[in-house]
Every structure is written in C-alpha cells, then in structure tokens.
Amino acid sequence: MNGNDVLEMDSVSETDGDTVIGMIEEEIVYPEEFLPTYHSIEAGDKVVKAIEVEFNGKTDTLFFNDGARRIDFILVYEDEDKKEFEKRHTFARRKRRREYFEASLMKMGLELEATRSVVDEKLMFVKVHMPWDVLCTYAEVLHIKLPIQPNDLSSRPSLWRYLSCVTKPFYPDEKLIHKETEYFTAPFEKDRLDFFYIKDRDIFFTPAMRSRMAYYILSRAPYEIRGNVKKFGITKLLDSGVYKGAYPLHDSRFNVQSIESDCPNERYLLFQEWAHPKSFYKMQPLDLIRKYYGEKIGIYFAWLGFYTIMLAVAAVVGLGCFIYGFKTKETSTWSKEVCDPEIGGQMVMCPQCDKDCKFWRLNSTCEASKKLCIFDNFGTLVFAVFMSIWVTVFLEFWKRYQAELEYEWDTVEFLEQEEPPRPEYEAKCIYEQKNPITGVKEKVPYSSCGKCVRLSIGMGTVMFWIMLIIASVVAITIYRLAAFFAFSTTLRKEDLKELEPLKEYVTPQMATSVTASLINFVVIMVLNMLYERVAIWITDFELPRTRTEYENSLTLKMFLFQFVNYYSSCFYIAFAKGKAVGFPGQPVYLLGKYRNEECDPGGCLIELTTQLSIIMGGKAIWNNIQEVLFPWLKNLYARHCSVQGVVSDKGCPRWEQDYRLQSISKLGLFYEYLEMVIQFGFVTLFVASFPLAPVLALVNNLFEIRVDAWKITTQFRRMVPEKASTIGAWQPILQGIAILAVATNAMIIAFTSDMIPRLVYYWAFSVYPYTENNNNTMTGYINSSLSIFNISDFSEQSRPLSLSYQNITACRYRDFRNPPGHPREYDHTVYYWHVIAAKMAFIIVVEHIVYFTKFILSYIIPDVPYAVKEQIKREKYLTQVILHETNLKLVTKRKTSPEDEIQAGTIQKLSAEELLDFDD
C-alpha cells in the first residue's frame with residue numbers, strides 16, 4: 001500500500017438496495033507492521049477463487065479433504081447464484097466483495113477450500129487453513145509465548161496432599177483430563193526457531209492459537225478497493241450480510257466422542273467433567289478451559305470459581321447470623337412489648353398520611369417486629385464487620401491466585417503495547433501525531449480537540465441517563481407515598497374480612513414495600529435494555545485504540561449506570577426514607593404535595609431487606625431465563641423448524657453442526673462479569689440488612705458456573721480465543737465497592753437499624769435518673785422511643801376525617817420529641833442528641849478499625865507468591881541465555897571479514913544488562 005491509500009470500515013452505511021459509497025478525502029498510511037504478509041491485488045489481476053470440493057463424508061473431520069491441512073476457521077455465506085433471478089442484482093455487490101476478500105486472504109498466504117452444505121444447497125462453507133510459515137509470522141506479530149524447555153523447578157508440595165483421598169472425588173477425573181506439562185516460555189521469534197521446544201509442528205501451535213491468528217488476519221483483510229478507499233474486516237462483512245457466520249470449529253460433538261483417531265475430544269471432556277449437571281460438585285478444569293477457549297474465558301471462570309469458594313465462608317457465617325436472629329426473635333424484649341396487648345395493644349399510633357388515614361394500634365405490627373428481630377440484632381453487627389474484612393481477604397488472595405495463573409498461562413508480560421489496535425481504530429486513522437514514548441510520528445483517528453469532544457459527548461450522555469434513573473427513583477418514591485395512602489385506608493379497616501387470615505402479616509408498609517420493589521425491578525430491567533445500546537454506541541463513537549481500552553471504557557459506563565440503576569432504591573430506603581418526616585403537627589411534604597414516608601416503629605431495615613431479596617432473586621431468575629431458556633429455544637427451533645432440521649447431526653459435517661449453534665455476543669463475557677459484580681455489590685454494600693445475601697449468591701453462583709459452562713459448551717459456537725492477564729477494569733471496581741461497603745454497612749447499622757437507639761437506652765436511659773430501674777434493662781424501650789402527640793394539634797391539612805377509636809386525646813409517633821405541655825413541646829429531647837452522638841461515634845470508630853484492619857491485611861498478604869517470583873526469574877534468566885547464544889550463532893554464520901570477528905568478540909563481552917530484551 002502507498003501513502004495515499006485510505007481505509008474504511010464502519011463509516012459507510014450499507015443496505016441491500018442501492019448504495020452510496022462514501023469517500024474519505026484524508027490520506028492515511030496502513031500500519032503494515034501489523035499485517036506483514038499483506039500484498040495488494042493489482043488492478044487487472046485475476047481474482048483467485050477458493051477451490052470448491054465435495055463433502056467427503058467424514059462428519060467429524062477437522063481437516064481439508066486431503067486430511068493433512070487443519071481447519072483453523074470457517075466462513076459461511078449464501079451462494080448468490082442460487083438466488084431468485086429478480087433478486088440477483090441486489091447480491092452482485094456482496095459476491096464481488098466476498099470474492100475479493102477471499103482472494104486477499106489467499107494473497108496473504110492463507111489456504112481456502114469451499115464445500116457446499118449437505119442440507120441446503122444455497123449455503124457454502126469456506127474452510128481456512130494457516131500454513132506453517134504464516135503461523136510463525138503472526139505468532140511473532142502477536143507476541144505469542146511458546147515453550148523453550150520443560151520447567152525444571154520442583155514445585156512445592158501442597159498441604160492438601162494429605163487429604164487427597166478425601167478431595168480426589170471433587171476434582172476432574174485425571175484419567176480423562178491429564179495434567180499439562182509445564183514449560184518455560186518466551187515470545188516467539190521466527191529467526192530463533194531452533195531454540196523453541198518443537199516436538200511436532202502440527203501441534204506446536206494449539207488450535208486456540210491458530211484460531212486467534214486466523215481471526216487477526218480476517219479482521220484486517222481488505223474486501224473492496226475503489227480509488228484510494230480501502231474497506232476491510234470480517235466484522236463489516238458479517239454486519240452487511242456478505243457472510244452469514246465466521247467461527248472456529250469445535251473439535252467434536254459435546255455428548256459423543258469423535259471417531260477421528262487424532263481428535264483430542266476436548267469439548268466432550270469439558271462437557272463430561274465440567275458442564276454436565278452430574279459434575280456440579282467438581283472443581284473446574286481451568287487449564288483445559290484455557291487451552292480450548294483461550295485465556296480470557298479461562299480467567300473469567302477462574303475468578304467466578306474463586307469468588308464462589310470464598311462466598312461459601314461468608315454464607316456459613318451469614319446463615320449462622322440468621323439462625324441466631326431466628327432463635328432469639330421470641331426473646332426480644334422490645335418485640336414482646338410491641339406484641340403485648342397491655343403495652344402495644346394500648347398504644348394508639350398517629351395516622352401516617354393526611355385526612356383519610358386512620359389511627360391504629362401498635363400491636364398490629366407484631367409479626368413485622370418479629371421478622372425485624374431476625375435481621376436487626378447484635379449478630380448482624382458482627383457479620384457486617386466480618387464481611388468488611390472478608391472482602392479484603394477475598395481481593396488480596398485473588399491477586400495471589402491471579403498471579404499464579406498469569407505465570408502458568410504465559411500472560412505475565414502481556415502489556416498493552418503488545419496488543420494491536422482494533423480494526424475499527426485503524427480504519428479511521430487520518431491525523432498525524434508524535435508518539436510521546438517512541439518519538440515516531442503515527443496516525444491517529446482524531447486530533448486532541450476531537451478526542452475531548454468525543455469524551456465530552458460520551459460523559460454528557462452517561463450523565464443524562466443517570467439523571468433519568470434518578471427521575472425514575474423519584475417517580476417510584478411518589479408511587480410509594482400514593483400507595484401507602486391507599487393501603488393505609490384499605491388495610492386498616494376493622495371490617496376487612498377478605499384479608500382476615502393475612503391481616504396481621506400484611507401491613508400498609510409491607511404492601512407498599514413489596515409492590516414498589518416489584519415495580520422498581522421492572523423499571524431496572526427496562527432501563528438496562530435501553531442503556532446497553534446507548535453505552536455501546538457511545539463507546540464506538542469514542543473509538544478506543546485497543547480491545548482492552550474499548551472494554552474498559554464500556555465497563556466503566558455500564559457499571560456507573562447499573563450502580564445507580566440497581567442500588568439507588570436501596571440507598572433511598574436505607575438513608576433517606578423516614579429521615580425527614582417532621583411530626584404529625586408539622587409533616588414534611590415532597591414537592592409540596594406528597595407527605596414523606598415514615599418507617600415502621602422498628603425502623604426501615606425490614607423494608608431494605610425486602611427490597612434486596614426481591615431484586616437479587618428476580619435478577620437471578622431473569623438472568624438464568626435469558627442465559628438458558630432463550631439459547632436452548634433458538635437452537636431447538638433451528639433444528640426442527642428450518643431446512644437443516646431434515647438431516648441429523650450424524651449426517652452433517654462438523655462445520656455445519658456448529659453453524660446451527662448460536663453465535664456469541666460481540667462483547668463476549670462482558671455481561672457475565674457485569675452480572676457478578678452487581679451481585680458482589682449486593683453481597684457487600686447492604687449485607688448488614690440482609691445476612692442471607694451471601695447464601696443466595698452462593699446458590700446462584702453454583703448454578704451460574706454450570707449454566708455458563710453448559711451454555712458455551714453446548715449451545716454456542718466456539719469463541720475466538722483472546723489473550724487476557726487479569727479481569728481488567730473489574731478489579732478496581734471491586735476494590736472501590738469494597739471500600740464503599742465499609743461506610744454503607746456502618747451507616748445502615750447507625751441510621752437504618754434501631755441498634756444504636758436501643759444501646760443508648762440500655763446503657764444510659766434505662767436507669768436512674770430517667771427511670772426508676774436500678775439495673776440496665778430493655779424494658780420500657782418502646783415507650784421511650786415513641787413520642788406523644790395531642791390530636792388537637794393536627795393542622796387542617798393533616799387532620800383525620802374520622803376517629804377510629806373513641807375517647808382518645810393523644811397518639812404516638814416514632815421520634816424523640818418532648819410531649820405536649822412541655823416548655824419546649826415537640827422539640828427534640830436530650831435522648832435524641834445522645835443517639836445522634838452515639839451514631840456518629842459508632843461510624844467513625846467502626847470505619848477506622850475496619851479500614852486499619854484492611855490496610856494491615858493488604859500489607860501482609862503479598863500479591864505474588866514467592867514460588868511464582870522464583871519461576872519468573874528463572875524464565876527470564878533462560879530467555880537471556882538463549883538470546884545471548886542466538887546472537888553468537890548469528891554472528892558466527894555471518895563472520896566473513898575482520899570487522900565481523902571484532903563484532904563477534906564484542907557481543908561475547910556484553911553483560912546481561914546490555915543485551916536486548918528478548919520480549920521486545
């Protein structure tokens with residue numbers, strides 16, 4: 001390509017009808033260092049077509065018809081010549097682009113072979129093979145690390161070896177899935193081929209590596225040249241319908257072994273030992289997952305498995321806390337007072353809305369108070385502190401485990417500069433800019449000002465959608481106020497016979513909370529579906545350089561939105577509801593019209609628990625329906641309702657069986673990570689109100705691992721393997737949630753639960769001079785926590801229209817205020833200020849203690865295990881030795897003059913620090 005060539009990928013809109021092809025006037029230099037085998041097709045050259053062969057009847061084969069060349073990728077298209085005559089002209093452009101694209105692939109060294117479908121003569125399958133020289137070239141371009149010699153460092157024996165007889169059934173069958181041999185590895189270099197550990201060229205590059213390199217070429221091969229405009233990339237061809245599918249092959253059917261003797265049957269093994277329901281109790285075969293699907297899939301399942309194991313510890317403690325609360329609910333003094341007919345039954349409570357709401361007796365909330373005791377107790381405080389420490393231990397030990405996987409999977413030095421630009425980025429590079437690191441001028445798709453404009457538009461759009469969520473929360477809050485008014489009017493009627501069996505359980509607060517939570521869940525799901533498309537559009541518009549940058553940018557946008565969407569209602573209940581209600585004589589109104597909600601006499605904690613359980617449970621059910629039911633139904637329809645359903649899998653070749661499966665989303669595992677991180681937030685941020693959250697998360701994750709495994713193994717085409725060393729932007733997000741969780745749980749205990757007011761009463765206000773008791777006690781707490789209001793002090797706006805009870809002059813309400821007739825009537829009492837001081841002191845003390853503990857744990861737990869550090873140093877040493885020996889041999893071969901001898905002597909004297917780094 002010359003300097004006047006222009007690349008275009010997504011800037012032109014394409015339809016099946018007449019198309020206007022846009023022209024880009026700016027000049028661009030194609031980055032040929034990323035595509036070294038590219039050779040342009042000159043004008044007038046004959047376009048070479050792929051050889052078409054008949055299917056040879058071998059349904060399980062993974063090779064061309066000659067049985068020697070391995071299939072590295074499959075392209076599927078509909079033969080335009082088989083279309084109806086009146087529609088042929090609309091497909092002529094597609095055919096021209098497809099033929100040019102395939103000719104470009106062959107020009108770059110790939111070998112193609114086409115085979116017609118055995119069940120639909122319109123379908124053509126193009127098999128792609130990468131010869132050895134092309135594999136070596138692109139292995140060097142992609143910095144793929146390959147073996148140089150077996151690992152000679154003895155591994156330290158595990159402490160679990162003494163329990164091997166007990167733990168062996170929980171691991172995959174070693175007879176089926178053999179332990180991989182460990183090697184020292186180095187980035188591949190074609191010139192140093194002799195120093196790599198090559199036993200067999202056919203298996204030196206794994207199928208996952210071959211597919212990754214094939215897709216790299218496919219995503220950059222041109223398919224049309226008009227003047228100085230060059231369009232390229234398989235992604236665009238798929239979007240415009242030129243190809244119907246592009247995917248690497250599964251190596252066998254998932255439930256039947258291949259009849260080919262040289263087939264590894266890795267998909268079958270993964271199904272039997274990982275994805276099958278009978279293996280739900282077994283550890284995951286992570287090395288085989290990584291080998292078959294690539295490091296990115298492997299690191300996700302490694303993280304999910306580690307998270308689930310750590311959840312088991314939190315679930316046990318949370319379940320113990322729940323059992324403790326359940327056992328002690330009948331012995332709670334304040335709950336007994338609420339239910340006592342002589343105490344709670346004699347306390348008439350003030351109406352909680354204006355005019356139509358009626359007076360009610362405290363003991364009508366008896367069952368709600370008992371439920372509250374299950375979650376609002378001292379065990380919850382201990383559990384909240386435990387979870388704050390648990391999340392630190394989890395993240396620190398995950399870093400260690402991740403470091404081990406990075407070394408074992410050869411991603412230790414997978415740096416961003418090794419990652420090639422995205423084809424979409426390359427296609428729009430029209431500005432010249434100096435690289436601040438190398439000092440070399442390079443092409444970029446936007447100027448500095450243009451980048452700021454793109455980022456500003458993106459941030460503005462995200463903020464708009466976040467404000468939309470806040471508006472929805474306000475709308476749901478207004479619904480709560482209106483619904484509470486309606487339920488208070490209806491449910492507290494004395495003659496409501498149809499609800500008689502449930503009357504003591506269904507309170508206005510509970511009915512409002514449940515219905516509002518369900519509505520909020522539906523709103524969350526709808527906004528999620530809408531925003532997903534907006535977030536993807538914004539990220540595409542920003543045009544990140546690499547795939548990692550793209551995913552990190554999208555991750556941040558999606559998480560910010562999901563954070564507000566999922567957690568805003570929980571934050572409202574925990575920290576806003578019931579905090580600014582005034583008192584019956586002067587209630588506070590929202591928007592000047594709606595009277596603010598009040599909490600139950602026991603607090604808002606039970607409502608927060610209800611909200612969390614509904615959102616967590618509903619989200620888990622809906623996600624499983626999406627992940628299991630929808631793909632299964634789609635594949636079922638494809639088998640039985642389409643033309644392909646005529647022939648069973650036994651008569652179809654491997655590539656045609658895979659074509660029937662669902663294609664994987666362009667974002668891959670993004671939504672799986674997002675689902676788990678949102679769950680992680682529920683487990684940590686609000687765990688003080690719902691100790692069973694880790695239990696629900698554990699049960700969900702045990703299903704999630706197997707559901708995800710079953711889904712990608714049986715229902716989806718094989719994913720294109722991708723390299724990844726960490727979980728990416730999700731790591732700092734998890735750390736941010738962990739820090740925020742300490743504050744939220746401390747504030748929930750202080751401001752949402754009634755634990756602090758009870759403690760203040762027990763230690764300060766239950767004895768003389770405030771009561772006649774000589775010993776600290778909880779007796780009388782309910783009476784002290786409910787203030788007195790004279791019903792004659794109601795304003796005209798809030799005065800009840802009718803009295804439910806005769807001969808009453810006062811009612812009670814939840815607050816710490818002086819009674820009528822007091823010199824400072826309806827002002828806050830000294831008890832209130834003691835409680836506020838105690839709450840602030842509690843938050844400060846707990847946060848400092850927990851943060852200090854987290855800091856100590858983070859410091860004493862190293863991120864990289866000592867044994868891994870030793871192995872990394874050993875590998876670097878071997879790399880330097882090989883580099884030194886290679887340079888000596890190269891000089892020896894070229895030594896034909898005295899100057900060469902001097903050069904060789906100089907190289908022999910070079911120190912290790914002066915040697916060129918082999919990884920570069």
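Here is a short walk through this predicted model, from its confidence values to its cavities and a few backbone details.

Let's begin with how far the predictor trusts its own work. The protein chain has a mean pLDDT of 80, with 82% of its residues at 70 or more. Residues 1-31 are a stretch to treat with care, since pLDDT stays under 50 there; even so, the model gives this stretch 88 contacts beyond four places in sequence. Residues 901-920 also have pLDDT below 50, and they make 30 contacts in the model beyond near neighbours in sequence.

Next, have a look inside. You will find eleven cavities of 30 Å³ or more, and the largest cavity has a volume of about 140 Å³. Its lining is made up of 14 residues, with R70, I71, P207, L249 and R718 lying nearest the centre. Sorted by class, the lining of the largest cavity comprises seven nonpolar, five charged and two polar residues.

Now follow helix α16, which runs over residues 547-575. At 1.5 Å a residue, its 29 residues should span 42 Å, and the end C-alpha atoms are 39 Å apart, so the two values agree. Along the way, at Y567, α16 bends by about 45°.

Two spots in loops are worth a visit for their backbone geometry. Between α22 (755-765) and α23 (781-785) sits P769, joined to Y768 by a cis peptide bond with omega of about 15°. In the loop between α2 (132-141) and β6 (145-150) you will meet H143. Although H143 is not a glycine, its phi is positive, at about 55°.

Technical notes:
Residues are numbered from 1 along each chain as its sequence is written. This is a predicted model: local features need pLDDT of at least 70, side-chain atom pairs count only at pLDDT 80 or more; totals for chains, interfaces and linings use all residues. Side-chain values use heavy atoms; hydrogens and water are left out. pLDDT is the predictor's confidence in each residue, from 0 to 100. Contact means heavy atoms within 4.5 Å. On a 1 Å grid over the protein atoms alone, a cavity is a set of points where a 1.4 Å probe fits but cannot get out, and a pocket is an open set with protein on both sides within 12 Å along at least five of seven lines; lining residues have an atom within 4 Å of a point. Grid points are joined across faces, edges and corners, and a volume is the space filled by probe spheres set on the points. Ala, Val, Leu, Ile, Met, Phe, Trp, Tyr, Cys and Pro count as nonpolar, Asp, Glu, Lys and Arg as charged, and the others, Gly among them, as polar. Helices (H or I, at least four residues) and strands (E, at least two) are DSSP runs, numbered from the N terminus. The expected span of a helix is 1.5 Å times one less than its number of residues. The bend at a residue is the angle between axes fitted to the seven residues ending there and the seven starting there.
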